[in-house]
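The following note sets out, point by point, what may be read from the structure shown below. Please keep the sequence and the model at hand while reading.

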Amino acid sequence: MTKPEELSQNVQSDLIKKSLIAALEAKGKPAPFMLDKIDEYMMYWQIRKQLEKAVGKTKAITKYDNGGGQKGLKTNDALKELPKITKTMAAILDGLDLSGVVQDDDETDGL
């Protein structure tokens, strides 16, 4: 099986969304609001990926120049936002009662 980091972000997103929907369906027919919450989760997932990319480019400390002669170093703002996004994503999964759901990716089980 392909490792997640080897997949494009769009493919990863699609796989995650499908697995969340499958987990909801395993618990019964999901209500429309639940599918909307999955879309919300995926929006936060995209934001988290963008923040991780921003941290990867500039690291934890970034240079600033406000144009008024002040220059220096500051903490990367993306680092402050990542925990907030992750907490919100976890709350969405908790609200859908999916926080502890684990699916086996090995399709050969039981053969």
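1. Read from its beginning to its end, the chain follows the order α-α-β-β-α. It therefore has three helices and two strands. The model is a predicted one, and the remarks below should be read with that in mind.

2. Two figures describe the chain as a whole. Of its 111 residues, 22% are buried. Among contacts with a separation of 6 or more, 56% join residues that lie 24 or more positions apart.

3. Helix α2 covers residues 32-58. Does its length agree or disagree with what its 27 residues should span? At 1.5 Å a residue, a span of 39 Å is to be expected, and the C-alpha atoms at the ends of α2 are 40 Å apart, which agrees. The expected span is 1.5 Å times one less than the number of residues.

4. Which residues of α2 are buried? They are I38, Y41, M42, Y44, W45, R48, L51 and V55. These buried residues pack against α1, which comprises residues 9-26, and against α3. The next two points take these two partners in turn.

5. The axes of α1 and α2 are 10 Å apart, and the helices pack at an angle of about 150°. Angles over 145 degrees count as roughly antiparallel, and α1 and α2 are therefore roughly antiparallel to each other. Their crossing is right-handed. On the side of α1, the contact is made by Q9, Q12, S13, I16, K17, L20, I21 and L24; on the side of α2, by M34, L35, I38, D39, Y41, M42, W45, Q46 and K49. Sorted by class, this contact of α1 with α2 has 10 nonpolar, four polar and three charged residues.

6. Helix α3 comprises residues 77-95, and its axis comes within 9 Å of the axis of α2, with a crossing at roughly 160°. The helices α2 and α3 are therefore roughly antiparallel to each other. The crossing of α2 and α3 is left-handed. Helix α2 contributes K37, E40, Y41, Y44, W45, I47, R48, L51, E52, A54 and V55 to the contact, while α3 contributes A78, L79, E81, L82, I85, T86, T88, M89, I92 and L93. By class, the contact of α2 with α3 has 14 nonpolar, two polar and five charged residues.

7. Is M43 buried, partly exposed or exposed? This residue belongs to helix α2. M43 has a relative accessible area of 42% and is therefore partly exposed, since that class lies between the limits of 20% and 50%. The C-alpha atom of M43 is separated by 9.5 Å from that of M89, although the two residues are 46 residues apart along the chain.

8. Two residues deserve a remark on their backbone. Most residues other than glycine have a negative phi. Just after α2, however, K59 takes a positive phi of about 70°. D97, a residue other than glycine, also has a positive phi, near 60°.

9. Where does D97 lie? D97 is placed in the segment after α3. With a relative accessible area of 52%, D97 is exposed, because the class begins over 50%.

Key. Residues numbered from 1 in each chain as written. Predicted model: local features only at pLDDT ≥ 70, side-chain atom pairs only at ≥ 80, totals over all residues. Heavy atoms only, no water. Axes fitted to C-alpha atoms, helices over the stretch in contact; angles between N-to-C directions. Helix = DSSP H or I, 4+ residues; strand = E, 2+ residues; numbered from the N terminus. Parallel < 35°, antiparallel > 145°, perpendicular 65-115°, else oblique. Left-handed = near helix turned anticlockwise from the far one by under 90°. Contact = heavy atoms within 4.5 Å. Nonpolar A, V, L, I, M, F, W, Y, C, P; charged D, E, K, R; others polar. Buried < 20%, exposed > 50% of the residue type's maximum accessible area, 1.4 Å probe, protein only.
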